[in-house]
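The following exercises are to be worked with the sequence and the three-dimensional structure at hand. Each task is followed by a solution in steps.

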Amino acid sequence: MRLAVTIGFESRLVIRAVARLPPADDYIFLRARTGREGDRNSADAAADVIKALGRGRDYAVDISDLAKGLEELAGLDFDAVALAGGPRALILLTFIAASLKGVKIYVLPEYAPDPIEATALSKVFHLTCLSPAKLRVLAEADGPADEVARRLGIDSSTAYRHLENLAEKGLVKAEKGRAKAYRSDDVIKVLARLLLQVDAKR
């Protein structure tokens with residue numbers, strides 16, 4: 001696994017949090033390049049992290065030009081990202097690049113002992129393209145298609161068709177058993193409900 005980690009000026013917290021993530025074969029420590037005095041501090045933090053872990057490489061991302069920074073990040077080869085301390089623009093750009101790549105996303109809270117997997121949040125981009133009917137099915141994706149249909153008051157074949165399409169998009173998982181059941185991550189279901197609320201207000 002190639003893990004990209006955003007960093008700011010504080011290396012100690014990043015070192016501790018990275019040690020709790022799944023082991024990586026390669027680390028890319030992403031820091032912001034702004035052309036200001038803070039660049040030196042973040043370069044020092046990257047050097048400290050690399051020294052403590054005994055491996056990894058430093059990569060400075062130009063955040064003074066967001067489009068350029070996003071292109072740089074999208075061009076990097078990584079399988080997962082960990083969003084740790086760092087300028088907000090760098091964290092935002094890294095989240096978007098990771099979402100587009102479809103890789104795992106971890107959040108490294110500053111003072112919490114364990115990383116949080118936040119990959120499901122990246123699905124918001126996929127959800128904005130769904131029809132309200134599919135969003136309603138996704139928000140209820142928990143059980144066989146006929147149960148989902150009953151809860152929503154729709155035809156079973158319609159629920160099945162939508163669930164299969166959502167499974168193809170990776171938004172639900174189909175579980176084999178006596179009756180094929182569908183499950184979605186709780187975060188994805190909440191995102192679907194929130195998008196439906198936003199759509200209802202328009």
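A residue is called buried when its relative accessible area is under 20%, exposed when that area is over 50%, and partly exposed in between. The model is a predicted one.

**Exercise 1. The overall chain**

Task: State how many helices and strands the chain has, and what percentage of its residues count as buried.

Solution.
Step 1. The secondary structure consists of nine helices and nine strands.
Step 2. The chain has 202 residues, of which 42% count as buried.
Step 3. Along the principal axes, the C-alpha atoms fill a box of roughly 60 × 40 × 30 Å.
Step 4. Among contacts in the chain with a separation of 6 or more, 63% come from residues 24 or more positions apart.

**Exercise 2. Helix 6 and its cover**

Task: Identify the buried residues of helix 6 and name elements that cover them.

Solution.
Step 1. Helix 6 spans residues 132–139, and its buried residues are Lys 134, Leu 135, Val 137, Leu 138 and Ala 139.
Step 2. The cover over these residues includes helix 5 (124–127), helix 7 (145–152), helix 8 and helix 9 (186–201).

**Exercise 3. Helix 6 against helix 8**

Task: Determine how the axes of helix 6 and helix 8 are oriented, and describe the residues at their contact.

Solution.
Step 1. The two axes come within 10 Å and cross at roughly 85°.
Step 2. Angles of 65 to 115 degrees count as roughly perpendicular, and helix 6 and helix 8 are therefore roughly perpendicular to each other.
Step 3. From helix 6, the residues Ala 133, Lys 134, Val 137 and Leu 138 take part; they meet Ala 159, His 162, Leu 163, Asn 165 and Leu 166 of helix 8.
Step 4. By class, the residues of this contact are six nonpolar, two polar and one charged.

**Exercise 4. The setting of His 162**

Task: Decide whether His 162 is buried or exposed, and find its contacts beyond four places in sequence.

Solution.
Step 1. His 162 belongs to helix 8, which covers residues 156–168.
Step 2. The relative accessible area of His 162 is 11%. The limit for a buried residue is under 20%, so His 162 is buried.
Step 3. With neighbours within four places in sequence set aside, His 162 is in contact with Ala 133, Lys 134 and Val 137.
Step 4. Lys 134 and Val 137 are listed among the buried residues of helix 6.

**Exercise 5. The six-stranded sheet**

Task: Give the strand order of the open sheet and explain which strands stand at the edges.

Solution.
Step 1. The sheet has six strands in the order 3-2-1-4-5-6, and the pairing is mixed.
Step 2. Strand 3 and strand 6 (116–117) each have a single partner strand and stand at the edges, so one side of each is left without a neighbour in the sheet.
Step 3. Strand 1 and strand 2 run parallel and are joined by five bridges. Thr 6 stands opposite Leu 30 in strand 2.
Step 4. Helix 2 (residues 38–53) lies across strand 2 and strand 3, at about 170° to strand 2.
Step 5. Helix 3 also packs on the sheet, where it touches strand 2 and strand 3, and its direction makes about 150° with that of strand 3.

**Exercise 6. Salt bridges**

Task: For three salt bridges, give the N to O distance and locate the partners.

Solution.
Step 1. The whole structure contains 15 salt bridges.
Step 2. Asp 77 pairs with Arg 2, with the closest N and O atoms 3.1 Å apart. Asp 77 is in the loop between helix 3 (66–75) and strand 4 (80–83), while Arg 2 is in strand 1 (residues 2–6); the two are 75 residues apart. Asp 77 is partly exposed at 45% relative accessibility, as is Arg 2 at 27%. Arg 2, Asp 77 and Asp 79 are linked in a salt-bridge network.
Step 3. Asp 26 and Arg 57 form a salt bridge, with the closest N and O atoms 3.7 Å apart. Asp 26 lies in strand 2 (residues 26–33) and Arg 57 in strand 3 (residues 57–62), so this pair ties together parts 31 residues apart in sequence.
Step 4. Glu 140 and Arg 151 meet at 2.9 Å, N to O. Because Glu 140 lies in the loop between helix 6 and strand 7 (142–144) and Arg 151 in helix 7, the pair ties together parts 11 residues apart in sequence.

Notes
Residues are numbered from 1 along each chain as its sequence is written. This is a predicted model: local features need pLDDT of at least 70, side-chain atom pairs count only at pLDDT 80 or more; totals for chains, interfaces and linings use all residues. Side-chain values use heavy atoms; hydrogens and water are left out. Helices (H or I, at least four residues) and strands (E, at least two) are DSSP runs, numbered from the N terminus. Buried means under 20% relative accessible area, exposed over 50%, partly exposed in between (1.4 Å probe, protein chains only). Contact means heavy atoms within 4.5 Å. A salt bridge is a side-chain nitrogen of Lys or Arg within 4 Å of a carboxyl oxygen of Asp or Glu. Two strands pair if DSSP finds at least two bridges between them. Axes are lines fitted to C-alpha atoms, for helices over the stretch in contact, and angles run from 0 to 180 degrees between N-to-C directions. Angles under 35 degrees count as roughly parallel, over 145 as roughly antiparallel, 65 to 115 as roughly perpendicular and the rest as oblique. Ala, Val, Leu, Ile, Met, Phe, Trp, Tyr, Cys and Pro count as nonpolar, Asp, Glu, Lys and Arg as charged, and the others, Gly among them, as polar.
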